[in-house]
Amino acid sequence: MFEKFAELICDYVEVEADQINESSRFAEDLGFNSYDFMSMLGEAEEIFDVEFDEKEAASKKTVGEMIGYIEELK
């Protein structure tokens, strides 16, 4: 799941997949703004076949936290 999520991140921000790890923070480390983050979440819902609670998803600050949340929803 991590690799697939990292590829998705690369579609939205100027970062290479090998620079992403589970402790990468969306805004501070990867350069997401709120619009790109929410757009990426919409695509993630389709890819992983889950439905996010927007407030819960927005509270996730790192890649690892978001992957854990997706796994909880599956």
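The crossing of helices H1 and H2 is right-handed in this predicted model. Helix H1 covers residues 2-10 and helix H2 covers residues 34-48; the two pack at an angle of about 145°, and their axes lie 10 Å apart. From H1, the residues that make the contact are Lys4, Phe5, Leu8 and Ile9, while H2 contributes Met40, Glu43, Ala44, Ile47 and Phe48. Sorted by class, this contact holds 7 nonpolar and 2 charged residues, with no polar ones.

**Three residues by exposure**

The table lists three residues with their place and relative accessible area.

| Residue | Place | Relative accessible area |
|---|---|---|
| Glu7 | helix H1 | 52% |
| Phe32 | loop between H1 and H2 | 7% |
| Thr62 | loop between H3 and H4 | 16% |

Glu7 is found in helix H1. Its relative accessible area of 52% makes Glu7 exposed, because the class begins over 50%. Between Glu7 and Asp18, which are 11 residues apart along the chain, the C-alpha atoms are separated by 9.8 Å.

Phe32 belongs to the loop between H1 and H2. Phe32 counts as buried because its relative accessible area is 7% and buried means under 20%. Leaving aside neighbours within four places in sequence, Phe32 is in contact with Ile9, Tyr12, Val13, Phe26, Ala27, Phe37 and Met40. Of these, Ile9 and Met40 are also among the residues that make the contact of H1 with H2. Phe32 and Lys4 are 28 residues apart in sequence, and their C-alpha atoms are 18 Å apart in space.

Thr62 sits in the loop between helix H3 (54-58) and helix H4 (63-73). At 16% relative accessibility, Thr62 is buried too. Not counting residues up to four places away in sequence, Thr62 touches Glu22, Ser23, Ser24, Arg25 and Phe26. Phe26 is also one of the contacts of Phe32.

**The largest pocket**

The largest pocket holds about 160 Å³ of space. Which residues line the largest pocket? The lining consists of Phe26, Ala27, Glu28, Phe32, Asn33, Ser34, Phe37, Met38, Ala58, Lys60 and Lys61. By class, the lining residues divide into 6 nonpolar, 2 polar and 3 charged. H2 supplies the largest share of the lining, 3 residues. The buried residue Phe32 is one of the lining residues, and its contacts Phe26, Ala27 and Phe37 also line the pocket.

Conventions
Residues are numbered from 1 along each chain as its sequence is written. This is a predicted model: local features need pLDDT of at least 70, side-chain atom pairs count only at pLDDT 80 or more; totals for chains, interfaces and linings use all residues. Side-chain values use heavy atoms; hydrogens and water are left out. Axes are lines fitted to C-alpha atoms, for helices over the stretch in contact, and angles run from 0 to 180 degrees between N-to-C directions. Helices (H or I, at least four residues) and strands (E, at least two) are DSSP runs, numbered from the N terminus. A crossing is left-handed if the near helix is turned anticlockwise from the far one by less than a right angle, and right-handed if clockwise. Contact means heavy atoms within 4.5 Å. Ala, Val, Leu, Ile, Met, Phe, Trp, Tyr, Cys and Pro count as nonpolar, Asp, Glu, Lys and Arg as charged, and the others, Gly among them, as polar. On a 1 Å grid over the protein atoms alone, a cavity is a set of points where a 1.4 Å probe fits but cannot get out, and a pocket is an open set with protein on both sides within 12 Å along at least five of seven lines; lining residues have an atom within 4 Å of a point. Grid points are joined across faces, edges and corners, and a volume is the space filled by probe spheres set on the points. Buried means under 20% relative accessible area, exposed over 50%, partly exposed in between (1.4 Å probe, protein chains only).
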